[in-house]
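Reader: I would like a close look at a single part of this model, taken slowly and with its surroundings kept in view. Please choose one strand and work outward from there.

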Amino acid sequence: MYYFVWGLLKEANEQAKLEKRLEQVKIAEVKRISSSSSSRVKQDCDKLNSMRVMMMRSRHERGECIQCGGKGHVFKDCSKNQSRNEEEALPEYQMLAFNVGPVTFDKDMWMLYTTTSNHMTPYDKYFTTLDRTHRARIKFITGDSIMSEGIGDVRIMTKEGNKKKNKTIKNVLFVPKIDRNVLSVGQMTQAGYGIVMTAHKCTVEDQAGRLFGESMWEERGFFLRLEVVEGNL
Ligand SMILES: [Zn+2]
């Protein structure tokens, strides 16, 4: 696998081409996952981290800044260092999913990512509680990062037979600049949810073993459509 990725990196001349290929590798990787557990998630994170390291190495070989991929300067002179230092003390989360081109995400879609460390949403009206003092940096595979501006709980409505029931998704990061809602498979597993991913389908069971949601594979990945009960903050 690593030799394969390394080969891709050596071939890739432009950043766009490289990212497109990494994305294809990632899709192949996700399709390969037959079940998910905390260690599975950790493995995926480790793999994506090594891909990032290799991407930096590849930028270095092309004479580009390893941090931003820009020409004409090196890492220590990169303009991104300024903001990095200021934010260094903040906690850091990873959003190691790949952007799959010019696609859009609906407001009720929650992407299921194995390689993202936390739940995230850009919509503050979704929160029933929100601690705006919790600021953190969200890192992307490219090394870019955006800020989260709070953490809190989001309440959703689920159906059990004919009955409607409230459930709370705890510890969701408020990330105004993100373009989609994200459910972290790792965080859900820790909360007791059972998640099984096959090549074409992902099923999520709640703590009691009842079906919580399921998703068929599509271009944008696996996702659940959730009915959020908006908070009154
Ligand atoms: Zn730079």
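Author: A strand here is a DSSP run of E with at least two residues, and strands are numbered from the N terminus. In this predicted model, strand β8 covers residues 163-174, and Asn171 is found within that strand. The chain around β8 has 5 helices and 14 strands, and buried residues account for 28% of its 233 residues.

Asn171 deserves attention for its backbone, since its phi is near 55°, a positive value in a residue that is not glycine. Most residues other than glycine have a negative phi. As for its surroundings, Asn171 has 16 other C-beta atoms within 10 Å, and because a residue needs 20 or more to be buried and 12 or fewer to be exposed, Asn171 is classed as partly exposed.

The residues that follow Asn171 lead into the largest nonpolar core, which has 28 residues; Val172, Leu173 and Phe174 are among the members that touch the most other members, in a group that also holds Leu112, Val154, Ile195 and Cys202. At least two residues of this core come from each of β2 (109-113), β4 (127-131), β7 (151-160), β8, β9 (181-184), α5 (185-190), β10 and β11, and β8 gives the most, with 4 residues. In soluble globular proteins, nonpolar side chains tend to be buried together.

Phe174 shows how the end of β8 meets other parts of the chain: leaving aside residues up to four places away in sequence, Phe174 touches Thr121, Asp124, Phe127, Leu130, Ser148, Glu149, Gly150, Ile151 and Gly152. For the chain as a whole, 62% of the contacts between residues at least 6 apart in sequence join residues at least 24 apart.

Two other contributors to the core, β10 and β11, can be followed a little further. Strand β10 covers residues 194-197 and includes Gly194, which counts as partly exposed because 17 C-beta neighbours lie inside 10 Å, between the limits for exposed and buried. Strand β11 (residues 201-205) pairs with strand β12 (residues 211-216) in the antiparallel sense over 5 bridges, with Glu205 standing opposite Leu211 in β12. These two strands form a hairpin with 5 residues between them, and Gly209 in the turn has a positive phi of about 85°. Gly209 also relates back to β10, for Gly194 and Gly209 are 15 residues apart in sequence, while their C-alpha atoms are 7.5 Å apart in space.

Definitions and conventions. Residues numbered from 1 in each chain as written. Predicted model: local features only at pLDDT ≥ 70, side-chain atom pairs only at ≥ 80, totals over all residues. Contact = placed C-beta atoms within 7 Å. Pairing = 2+ DSSP bridges. Core = buried A, V, L, I, M, F, W, Y, C linked by C-beta atoms within 7 Å.
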